[in-house]
Amino acid sequence: MTEEFDGKVARVVVADDQTVVREGIVMLLGLLPGVEVVGAAGDGDEAVQLVAELAPDVVLMDLRMPRCDGVAATRRIRAEYPGTQVVVLTTFGDDESLFPALKAGARGYLTKDAGGDEIVRAVHSVLSGDAGLSPSIQRRLLERLSEPEPRPAEPAEPPDGLTARETEVLLLIADGLSNQEIARKLHVSTATVKTHINNMFAKTGLKDRAQAVRYAYAKGLVRPPTG
């Protein structure tokens, strides 16, 4: 059953990297009142370009696309073309997909099992200033908000009897800073930095800076980069 939307027809761009899916969405929306598909994009870069050219009311945005994904494209559209809203239409409803998209500025979020009427309803909801969220996404948001906040971790004691200053010097070594750079950062002399390093080496049994870096990672003082 379709709904009336005060006679307004929303101009929509569809962005999805899968041709069959993209064309299917365009065809489906073409059969429904209340929306007009004015363009279709195969990735986030094309979506941003179409928004610049066509100034649509809403972009229906897939998330996982080549070149520029849906989150990055959403962030660009909301920053550069705030008159265009974004409704995510994706296969994925997990937290790692949902929350980055909402933080990027998406006002709606639907999974691809949504029917045509639900998509049109979400489009008009965001245009009227409301959120266009599927029931399952609304439940997930409520569950997330009701989850207890994790307790902050207790600050770890420096290992092997290191002082706070010696630990600070160790972390700066792990960051790749030279003695002179550490001295400037801590506003102390180079001789003082060398004293801290010698004391640190004596307490830990370390012999050089390379061992110090490995030690910092092994003790969990520095986390390896991810991604």
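Hi everyone, let's start with charge: the protein chain carries 26 positive and 33 negative side chains, and the centres of those two sets are 10 Å apart. Please keep in mind that what you see is a predicted model.

Now the overall form. Counting along the protein chain, we have ten helices and six strands. Its radius of gyration is 26 Å, where a compact globule of 227 residues would come out near 17 Å. If you draw a box around the C-alpha atoms along the principal axes, you get roughly 80 × 40 × 30 Å.

What about the inside and the surface? Of the 227 residues, 42% are buried. The exposed area is about 12800 Å², with 53% of that supplied by carbon and sulfur atoms. And among contacts with a separation of 6 or more, 62% join residues 24 or more positions apart.

Next, a stretch to find on your screens. An unreviewed UniProt entry places a "Response regulatory" domain at residues 11-127. That stretch is 48% helix and 22% strand, and its end C-alpha atoms sit 11 Å apart.

Let me finish with one residue, Asp62, which UniProt lists, again in an unreviewed entry, as a modified residue, 4-aspartylphosphate. Where does aspartate 62 sit? Look in the loop between strand S3 (58-61) and helix H3 (70-80). Is aspartate 62 buried or exposed? Its relative accessible area is 5%, and buried means under 20%, so aspartate 62 counts as buried. Leaving out residues up to four places away in sequence, aspartate 62 touches Ala15, Asp16, Asp17, Gly70, Leu89, Thr90 and Lys112.

Thanks for listening!

Notes:
Residues numbered from 1 in each chain as written. Predicted model: local features only at pLDDT ≥ 70, side-chain atom pairs only at ≥ 80, totals over all residues. Heavy atoms only, no water. Helix = DSSP H or I, 4+ residues; strand = E, 2+ residues; numbered from the N terminus. Rg over C-alpha atoms; globule rule 2.2 N^0.38 Å. Buried < 20%, exposed > 50% of the residue type's maximum accessible area, 1.4 Å probe, protein only. Contact = heavy atoms within 4.5 Å. Areas by Shrake-Rupley, 256 points an atom, 1.4 Å probe, with all protein chains shown as cover. Lys, Arg positive; Asp, Glu negative; His and termini not counted. Charge placed at Lys NZ, Arg CZ, Asp CG, Glu CD. UniProt positions renumbered as here; feature names shortened; annotations may be inferred.
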